[in-house]
Amino acid sequence: MNTLDKNVAELQKLTLGAYGKDFLLTWEKTDDEIRALMLVAECFYQMHKDRRPFRVFDTGLAVSIFRDKSTRTRFSFASAVNALGLGLSELDEEKSQVSHGETVRETANMISFMTEVIGIRDDMYLGEGNAYMREVAQAVQEGFEKGVLHQRPTIVNLQCDIDHPTQASADLLHLKNRFGSLENLRGKKLAMTWAYSPSYGKPLSVPQGIIGLMTRFGMDVSLAYPEGYGLIPDVVQTAGQNSRKSGGKFEVVSSMEEAFRGADVVYPKSWAPYDVMLKRTPLLKKGDKEGLKQLEKECLANNARYKSWECDEAKMKLTKGGNALYMHCLPADISNVSCSQGEVSKGVFEKYRLATYEEASYKPFIIAAMIFLSRVKDSPGLMKKLAAGAAR
Amino acid sequence: MNTLDKNVAELQKLTLGAYGKDFLLTWEKTDDEIRALMLVAECFYQMHKDRRPFRVFDTGLAVSIFRDKSTRTRFSFASAVNALGLGLSELDEEKSQVSHGETVRETANMISFMTEVIGIRDDMYLGEGNAYMREVAQAVQEGFEKGVLHQRPTIVNLQCDIDHPTQASADLLHLKNRFGSLENLRGKKLAMTWAYSPSYGKPLSVPQGIIGLMTRFGMDVSLAYPEGYGLIPDVVQTAGQNSRKSGGKFEVVSSMEEAFRGADVVYPKSWAPYDVMLKRTPLLKKGDKEGLKQLEKECLANNARYKSWECDEAKMKLTKGGNALYMHCLPADISNVSCSQGEVSKGVFEKYRLATYEEASYKPFIIAAMIFLSRVKDSPGLMKKLAAGAAR
Amino acid sequence: MNTLDKNVAELQKLTLGAYGKDFLLTWEKTDDEIRALMLVAECFYQMHKDRRPFRVFDTGLAVSIFRDKSTRTRFSFASAVNALGLGLSELDEEKSQVSHGETVRETANMISFMTEVIGIRDDMYLGEGNAYMREVAQAVQEGFEKGVLHQRPTIVNLQCDIDHPTQASADLLHLKNRFGSLENLRGKKLAMTWAYSPSYGKPLSVPQGIIGLMTRFGMDVSLAYPEGYGLIPDVVQTAGQNSRKSGGKFEVVSSMEEAFRGADVVYPKSWAPYDVMLKRTPLLKKGDKEGLKQLEKECLANNARYKSWECDEAKMKLTKGGNALYMHCLPADISNVSCSQGEVSKGVFEKYRLATYEEASYKPFIIAAMIFLSRVKDSPGLMKKLAAGAAR
């Protein structure tokens, strides 16, 4: 039995409740649903490698709303919906009537008459991004229930203030492949640590997504950051609960070195201080440029106190066999490449550069899998047909 | 016989001349062509509701040119062309050589080599939008006749200075469904009235489109506006002629109350004064910002004299049974929601909110029907096959 | 045997090495590969004329990167990829993380996970555009070899600082059709001459592409420009070598009149002086607006000395029978139409206007052919099936 057939067979055994559901936070999904996500993504990955199409829609629209810059996720979403057979329309809020004072409730329905999926990135405003996605979800739910929409589009979180589920899931698939199985992750130590960056205002969603998901499968997750750089308390609590439930470990430490010690995997990545992000939201909303400039200045000055939080060769030596897997959501701030001093030394990054590309390569398949599981009623059945080359 | 089959059967009986023709003004179409438009749109609507694709093209391009903001129409066009199997390319005049002084005649051909349909919104300049569409149409006609183009793309008016045919047609379909048939519209009173808005420069095309189309089917159309807010005289004359021909009524009155009295349907919607729109065109063309600011100031001051033109609960009481159908092309200026005082009170809008979404939901299917009728030679025959699930 | 079958039969006889290769410069392709490009483009052109689809992909992405304005090439690329069955995603560098200091090497891989072809226009910087394309090519090659990419996308040059191969190839196809065959081009005189324009900074890639390609098939190519307006010396040398190899002629002369004398084909087109383009690159990179303004002023002053380099009726009289074929990549600077004085008189342009549209009409088919030859292993075999209506 080849890998594809094996994955299809495993998929049949899971209890799935993803049909018709949005993908907003990984911790709203059951373990079986996360396992299914991995299996479906792997099937698509394998079919694509074999140059076999896995189109499931004849026509239909996918809408993306990017309220922040994006390359990887933008192209991953574009690739995923194209592979499934959907056409992509990007909602450019500048070119729409949104700027005419239209409500979210209304816009959500107006773009959804023939839409199967809406992907949203809204990661700038702490306390707002995920809430916006839920507002869109509620609006299309109402439209569907009241008969305005023939189908209720699935909302996929392409990064919010709380979670970055397409990234965390692609990262989990990367770990699954590197270590052989989800089971093999049990007891492996992952260091999710803050790192210095000369830039400002990076969202908290990647570290939150990582600790929220990797604690699900028995990993030993060590979160490290300098004082003042804590994450949303609720998410940290969720990570702790996940860890206890899965029989793993979860700790918060205060140095990169401590987190790296004996780690199998390291994920050094900058983010803005929680308090700064809290202050930033009202300033951004008011459009207070002077206030934002002042806040940025303070934040950068604060960051500069922690320039030693760089993932370099010396710190890598502390990891298991000096040889931990380095991960990053990209683009990384690489010392002497994209900045004078940053999150990672040139040597360490270059050693793992292609591994980070591989890590990123799973995202299109993860997104396709999220859509597939939500839109296809009998997803294991259809996957079996696709794998047998007999669908459509 | 289900509704789909009934509509298909009705379609076979009509005399159609839409093949190969543009859709620029509803009053250039025969009654049978309007009836066919409704029937085809309803067939597509029903097939979509049944989750059945109605793709008719294997490949091919649809081009959109938006010279003004748009959400509903933009996504309706995107949805329609996707459903028919076409790929969408938007002409962004900023990114093209149009800004290098290229002629309309040339650009029109350059974007049309493999293009089936060109959708255009050009509603800012009174006296220019529709003319621009005809210039594009003439250019591709020449290209086709001279053998430069293998096919002559259909031009679809996505709102101009004179008409907004996709909106008016979707509105007619909404009325057809609400009242049961086009025949049932006979003698029903529709109040197309101006309403107060704190914004400026709204096109005249919606009210013009409504009076131009709804007078075709024996409705009793009452147009109301304050002094100075008249519409293009030619269009008003056309509405009068339509009305006489169809055995309906058409009147112009000077208060919202008068129009609302006994109405079955009300359409309160702001537009700019005709004279202001006339003055605005040369200012926009010259890029005279100071002049535009001055004109806006005058216009807003003038608007402010008519703040009582709000569709509120009291005025709705004047309508048939106090219960007329409220319509709007969206987004509406809703008092205490999107502005402090606007076209409609919060209470009235909220009561009809989902009805306005339903109204909007017909537009993708109307646009798909316009394209289908223009591009498919034997459209009734192909529709019969599609309905039988046997096309392609 | 109809033309389509004849072309398919001819295609079987050629020795092809285009599979898996980028299309960056025409002179990197063998004569057989250029012949195949013409034949495949003609087959697609004929099938499109017959309203027969030639889709070869079920799904898959095409990415375009436009670092300069474009209408013709943008829509040609969009049309070509759509016709082949690919979805188009444009990389907008403003909306991506490119502006976050990401490396070309990284971005190239990030947009390529499910991408079949990347079309790039980068024509502003002498010494940089083609180099950038090669950097992208090298990056995806590495990604493919290291297993990050399942397929290695083809890079298609949509105009760089050195060549404009989609333009030159469409031009060659135009000539082939006008003169009956590539063989018939032998001995025909083509005048590629500079012409006056009131604008500044036009790339050298069109004249370079023309002299680099048209010298391949035995034409008598005469290049004319005022002092200081020479092209990249390497390209001129390549043209000379091509010419000697193909048994044609290649000369450089210093007046439009001399080049036009006895010409069968004239291609009067403005470009910036080589020295100016050399100085412009570092100024553009530094964002030195003052320096660029100064350089523009000098350049325009210099241009103005050569206002007599206009293709007018008098000069056309010097050509073979006074009746040479006028060519232009469009948009042309037409005297008294798009500017007060430009590259061509209104009368001459109007006479050949539709011929220039026809010239442009080949580009979508050329681009589709470039992609087809690079992505399809047995391209003659698949073309035979497509022509027989039996593919997919």
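How many residues of chain B are in contact with how many residues of chain A? The legends below begin with that contact.

**Figure 1. The side of chain B that touches chain A in a predicted model.** In this view, 26 residues of chain B are in contact with 23 residues of chain A; two residues are in contact if their C-beta atoms, placed from the backbone, lie within 7 Å. Residues are numbered from 1 along each chain as its sequence is written, and chains are lettered from A and ligands numbered from 1 in the order in which they are written. Because the model is predicted, local features need pLDDT of at least 70 and side-chain atom pairs count only at pLDDT 80 or more, while totals for chains, interfaces and linings use all residues. Two or more residues each come from α2 (31-49), α3 (72-84) and α13 (346-361) of chain B. Helices (H or I, at least four residues) and strands (E, at least two) are DSSP runs, numbered from the N terminus. The most, six residues, is given by α3(B). By class, this side of chain B has 13 nonpolar, eight polar and five charged residues. Ala, Val, Leu, Ile, Met, Phe, Trp, Tyr, Cys and Pro count as nonpolar, Asp, Glu, Lys and Arg as charged, and the others, Gly among them, as polar.

**Figure 2. The rotation axis that relates chain A and chain C.** A rotation of 120 degrees with 0.0 Å of shift along its axis lays chain A on chain C, with an RMSD of 0.0 Å. The two copies are therefore related as by a three-fold rotation axis. Copies are superposed by least squares on the C-alpha atoms of residues with pLDDT of at least 70 in both. In chain A, the residue that comes closest to the axis is A:G87, at 4.5 Å (C-alpha).

**Figure 3. The open sheet of chain A.** Five strands lie in the order β7-β6-β5-β8-β9, with parallel pairing; two strands pair if DSSP finds at least two bridges between them. At the edges stand β7 (249-253) and β9 (325-326) of chain A, each with a single partner strand, so one side of each is left without a neighbour in the sheet. Strands β5 (residues 189-193) and β8 (residues 265-268) of chain A pair in the parallel sense over four bridges. A:L190 has A:V265 in β8(A) as its bridge partner.

**Figure 4. Helix α8 of chain A across two strands.** Helix α8 (residues 233-246) of chain A lies across β6 (220-224) and β7 of chain A, at about 145 degrees to β7(A). Axes are lines fitted to C-alpha atoms, for helices over the stretch in contact, and angles run from 0 to 180 degrees between N-to-C directions.
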